[in-house]
Amino acid sequence: MLEPLPDSQWNTATAAHLMNRAGFGGSPAEIESLRQMGLAGAVSWFVDYEKIPDPTPAPDWAHPDPELIERREAIRGAADPETRRMLQQQQNQDENSQMADLRYWWIRRMALGPRPFQEKMTLFWHGHFATSFEKVRMPYFLWLQNETLRQNATGNFDHLLIAASEDPAMLNYLDGARSDKRAPNENFAREVMELFTLGEGHYTEQDIQQAAKAYTGWGFAKDRLHYQYYPGNHDDGPKTIFGQTGNFTGEDVLNLICRKPECAQFITKKLWRFFAEDQPPRPVVDALAAEFRSHDLDLKHLMTVIFSAHEFYAPGVIRSQIKSPVQWLIASTHQLQAPLPTQPMSLVMLNQLGEELFQPPNVKGWDGGIAWITTNNLLDRYNFAAALVEGDRIPLPGLMGQMRGLMNSTAEDGLMQISPVDVTSLFSAMDLSDPISFLDALQARFLNAELKSNRLDSLSEFLKSRSPLEESDIRKAIRLIMCTPEYQLA
């Protein structure tokens, strides 16, 4: 169990699989470069990302702003309703503008940054420690949480758990800062066990109630922008949690949780689901959990084991995962060697496809898997594929009204224009020499596999009927392959 993939099985297909899962896909040249590294070298290139400089600057506004709190106080203290409404409207516009900026900043970092695995892990933790702009309302807090997850993405899980729990966005989202020793709030105490660490059935209501007492004392500093611990607001009496009694603090409880065997089971199962397959085999999870515990919950070690294991490259795992909207968009631009769409275009696409960053549907995050595909958003995938390839104009849906102000500078009459892809840069003269060669190159670039026989025959007949191929024929063929069920998988 968990033996490394034999060198004899490290090839273009397995290298492409690692690039899809540890990152966001790549071109045939990038996959070939990864293949030449060998399995150990390729895995190290992803997981040892701290060796690669990342000079990405933060958004200009992403810093503590004491005036922000003053502006919020001014809104609450406005003398008349009309003044309050105008001030609130301006505040909402500023926040929405910063959130659009933050979302695109991260999309660009995932697509173009030098550390794809660090961003992929940050994306995983973003859905795991889910918070939402709808409640938090502070773009700075959400950027700060994103950085917290990024900096702790592959460290020790217990350190990550404490950092994520004391993060201002989490304190706001799950009401941790509102908890008082006279009336402990149980929201965070419940969710940290159920959704972040143990799963249902591995704690009691008493554990939640007692843990809630331990978390009292957590709050915001006077500037309302930073975490601060207030000993005077902490319940310093004895608490019994998981059968152990002591004068536990919040961090003590988080450490108790991490020491429970169920925590390693829960985290490894969820990581395997995200990076490998929807239905993790119990023997694999058991082996991973044992490995995780034996290395003090070291996430980098765990992910190295996962990406090296022959089970990760099993035929039933490769190309079995439905691409998330983020994966679909970024992988598509990599394979098309096309620029990332502009901010409004990218945000509309991800919203329509069901993955609006910093706005998960609930505290559980996104379900993923088959939930990414509905009748409506599958059609959207096809339409957006056409736009990326052929330069179609994309209609802006009415539901994007809150973003329309951001789009006015780049869209006219409710439409956005994308330039057609440069097909001459994607295929060599040899690739285009005959329909069979082109079909092979097409599948290698966009699928790293073959189409099902009926779709393969249909596309082959189309290409044969258009020989010699014009640029418009090549674009149509790309569009057709991007609209197949196979293309929705990674």
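Let us start where helix 3 passes helix 16, in a crossing that is right-handed. Keep in mind along the way that this is a predicted model. Two packed helices are described by the angle between their axes and the distance between the axes. For helix 3, residues 38–47, and helix 16, residues 299–308, the angle is about 140° and the axes are 10 Å apart. On the helix 3 side, the contact is made by Leu 39, Val 43 and Val 47. Helix 16 brings Lys 300, Met 303, Thr 304, Phe 307 and Ser 308 to the contact. Sorted by character, the residues of this contact are five nonpolar, two polar and one charged. An α-helix has 3.6 residues a turn, so residues three or four places apart point the same way.

Now step back along the chain from helix 16. The loop between helix 15 (282–294) and helix 16 holds Leu 297. What is the sign of phi at Leu 297? It is positive, at about 60°, although Leu 297 is not a glycine. Most residues other than glycine have a negative phi, and most peptide bonds are trans. Leu 297 has a relative accessible area of 8%, so it is buried.

Asn 448 is another non-glycine residue with a positive phi, here about 55°. You can find Asn 448 in the loop between helix 21 (435–446) and helix 22. Is Asn 448 buried or partly exposed? Its relative accessibility is 24%, and therefore it counts as partly exposed.

Follow the chain to the loop between helix 22 (453–465) and helix 23 (471–482), and you reach Pro 468. The peptide bond joining Ser 467 and Pro 468 is cis, with omega about -5°.

Helix 19, residues 375–390, is a good place to check a length. At 1.5 Å a residue, its 16 residues should span 22 Å, and because its end C-alpha atoms are 23 Å apart, the two values agree. Which residues of helix 19 are buried? They are Asn 377, Asp 380, Arg 381, Phe 384, Ala 385, Ala 386, Ala 387, Leu 388 and Val 389. Just after helix 19 comes Gly 391, with a positive phi near 80°.

Next, look at the aromatic rings. The whole structure contains 26 aromatic pairs. One of them is formed by Trp 106 and Phe 358, tilted, with 5.6 Å from centre to centre and 50° between the planes. This pair links distant parts of the chain, since its two residues are 252 residues apart. Trp 106 sits in helix 5 (residues 81–112), while Phe 358 lies in the loop between helix 18 (343–353) and helix 19. Trp 106 and Phe 358 are both buried.

Another pair is made by Phe 274 and Phe 275. Their ring centres are 4.9 Å apart and their planes meet at 70°, so this pair is edge-to-face. Phe 275, at 0% relative accessibility, counts as buried, whereas Phe 274, at 27%, counts as partly exposed.

Our last stop is Gln 327, which belongs to helix 17 (residues 325–336). Its relative accessibility is 4%, so Gln 327 counts as buried. Which residues is Gln 327 in contact with, leaving aside its neighbours within four places in sequence? The answer is Asn 20, Gly 23, Phe 24, Gly 25, Lys 120 and Ser 332.

Note on methods: Residues are numbered from 1 along each chain as its sequence is written. This is a predicted model: local features need pLDDT of at least 70, side-chain atom pairs count only at pLDDT 80 or more; totals for chains, interfaces and linings use all residues. Side-chain values use heavy atoms; hydrogens and water are left out. Axes are lines fitted to C-alpha atoms, for helices over the stretch in contact, and angles run from 0 to 180 degrees between N-to-C directions. Helices (H or I, at least four residues) and strands (E, at least two) are DSSP runs, numbered from the N terminus. A crossing is left-handed if the near helix is turned anticlockwise from the far one by less than a right angle, and right-handed if clockwise. Contact means heavy atoms within 4.5 Å. Ala, Val, Leu, Ile, Met, Phe, Trp, Tyr, Cys and Pro count as nonpolar, Asp, Glu, Lys and Arg as charged, and the others, Gly among them, as polar. Buried means under 20% relative accessible area, exposed over 50%, partly exposed in between (1.4 Å probe, protein chains only). The expected span of a helix is 1.5 Å times one less than its number of residues. Rings of Phe, Tyr and Trp (its six-membered ring) pair if their centres lie within 6.5 Å; planes under 30 degrees apart count as stacked, over 60 as edge-to-face and the rest as tilted.
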